[in-house]
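Please explain how this protein chain is put together, beginning with its sheet and going on to its helices, its cores and a few single residues that deserve a second look.

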Amino acid sequence: MVNGGLVYGPISSYSRVRILYMVQTRPERTIAELCEDTGLHANTVREHLQRLIEGGYVIQTTERRTTRGRPRTLYSAATGDPGASSPVARDKVAEAARRGDMMRRILDEPGSGLGQEATYQLDALIEHLEESGFEPVVDEDQLTVELTPCPHAAASPEHRPLLCQVHLGLMQAVLTEAGGPLDAECVREPSRPEECTVQLRLNAKAATVAKIAAAVAA
């Protein structure tokens with residue numbers, strides 16, 4: 001990251017974060033569009049995209065043309081939704097669940113009180129955050145993920161909103177890929193630069209199930 005911010009993994013430059021932001025906000029971007037909006041050379045954009053694809057954050061597809069001409073390669077964020085799922089991200093989720101199950105057996109610890117699906121979602125989310133340089137602490141009662149001290153605290157203040165938005169999008173993609181009751185809702189407004197708390201929530205389906213269960217129990 002620029003100006004002294006600590007960086008890890010495939011998201012290792014602000015240019016790469018900007019590219020991720022662009023494909024998160026609108027899918028099926030072309031190299032030309034990304035070059036125009038970032039001011040980067042086409043070869044540099046391709047290199048960034050390749051790293052993001054290898055990290056499981058971006059997918060590429062081939063344009064469907066109804067006219068003559070060579071179809072373009074299109075780039076979109078890997079959101080975990082049908083048609084926008086990265087094979088790399090799927091492998092990461094599966095491996096995180098496998099390692100999580102192994103550790104729970106070794107330590108004789110239960111999974112999440114929210115159920116097995118949520119357990120695997122949190123396995124994948126924690127591994128993603130650790131790979132990105134965070135030290136996550138999950139509070140299942142409050143549905144929060146504490147990331148203080150934020151490794152991006154030293155980044156330029158004007159870059160922080162975009163950094164937070166991109167990382168929140170990546171977290172949601174991990175949770176969606178894993179599949180389960182949890183969504184990433186927001187990054188709470190910090191009182192100090194090094195503070196970072198992500199608020200999770202039960203998605204609509206899980207909330208409905210919980211309401212029905214509560215009504216039955218009553």
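Two strands are said to pair if DSSP finds at least two bridges between them. In this predicted model, pairing of that kind builds an open sheet of four strands, whose order is 3-4-6-5 and whose pairing is antiparallel. Strand 3, residues 137–139, and strand 5, residues 182–187, stand at the edges with a single partner strand each, and therefore one side of each has no neighbour in the sheet. Averaged over the sheet, and with direction ignored, neighbouring strands are turned by 25° against each other. In general, the strands of a sheet pair through backbone hydrogen bonds, and they may do so in a parallel or an antiparallel way.

One of these pairings can be followed in detail, since strand 3 and strand 4, the latter made of residues 144–146, run antiparallel and are joined by three bridges. Within this pairing, Asp139 has Thr144 of strand 4 as its bridge partner.

Helices pack against these strands. Helix 5, which spans residues 116–131, lies across strand 3, strand 4, strand 5 and strand 6 (197–202), and it runs at about 40° to strand 5. Helix 6 also packs on the sheet, where it touches strand 5 and strand 6, and the direction of helix 6 makes about 175° with that of strand 5.

Seen as a whole, the protein chain contains seven helices and six strands, and along the sequence these follow the pattern α-α-α-β-β-α-α-β-β-α-β-β-α. Of the 218 residues in the protein chain, 42% are buried. Among the contacts in the protein chain with a separation of 6 or more, 55% are between residues 24 or more positions apart. The accessible surface of the protein chain amounts to about 12100 Å², and carbon and sulfur atoms account for 52% of it.

What lies in the interior can be described through its nonpolar cores. The largest nonpolar core consists of 23 residues, and Leu20, Leu49 and Val58 are those with the most contacts inside it. At least two residues of this core come from each of helix 1 (14–25), helix 2 (31–38), helix 3 (42–55), strand 2 (73–77) and helix 6 (160–178), and helix 1 gives the largest share, which is six residues. Leu49 offers a way to see how such parts meet: once its neighbours within four places in sequence are left aside, Leu49 is in contact with Ile19, Ile31, Leu34, Val58 and Tyr75. Apart from this core lies another one of 21 residues, which includes Ala118, Val145, Leu147 and Val198.

A polar neighbour of Leu49 in the sequence also merits attention. His48 lies in helix 3, and with a relative accessibility of 9% His48 counts as buried, because the cut-off for buried is under 20%. With its neighbours within four places in sequence left aside, His48 is in contact with Ser13, Ser15, Arg16, Ile19 and Leu40.

Some features of the backbone come next. Most residues other than glycine have a negative phi, and most peptide bonds are trans. Glu28, which is not a glycine, nevertheless has a positive phi of about 55°; Glu28 is placed in the loop between helix 1 and helix 2, and at 47% relative accessibility Glu28 counts as partly exposed. Asp108 likewise has a positive phi, near 55°, in a residue other than glycine, and Asp108 belongs to the loop between helix 4 (87–107) and helix 5. With a relative accessibility of 70%, Asp108 counts as exposed. The peptide bond that joins Thr148 and Pro149 is cis, with omega at about 0°, and Pro149 has its place in the loop between strand 4 and helix 6.

Lastly, what can be said of the cysteines? A disulfide is a covalent bond between the sulfur atoms of two cysteines, and the structure holds zero disulfides. Cys150 is in no disulfide, and the nearest cysteine sulfur, that of Cys196, is 4.9 Å away, whereas a disulfide is counted when two cysteine sulfur atoms are within 2.5 Å. Cys150 is buried, with a relative accessible area of 9%, and Cys196 also counts as buried, at 9% relative accessibility.

Conventions:
Residues are numbered from 1 along each chain as its sequence is written. This is a predicted model: local features need pLDDT of at least 70, side-chain atom pairs count only at pLDDT 80 or more; totals for chains, interfaces and linings use all residues. Side-chain values use heavy atoms; hydrogens and water are left out. A nonpolar core is a set of buried Ala, Val, Leu, Ile, Met, Phe, Trp, Tyr and Cys residues joined through side-chain atoms within 4.5 Å. Buried means under 20% relative accessible area, exposed over 50%, partly exposed in between (1.4 Å probe, protein chains only). Contact means heavy atoms within 4.5 Å. Axes are lines fitted to C-alpha atoms, for helices over the stretch in contact, and angles run from 0 to 180 degrees between N-to-C directions. Accessible areas come from the Shrake-Rupley method with a 1.4 Å probe; for residues, only the protein chains shown count as cover.
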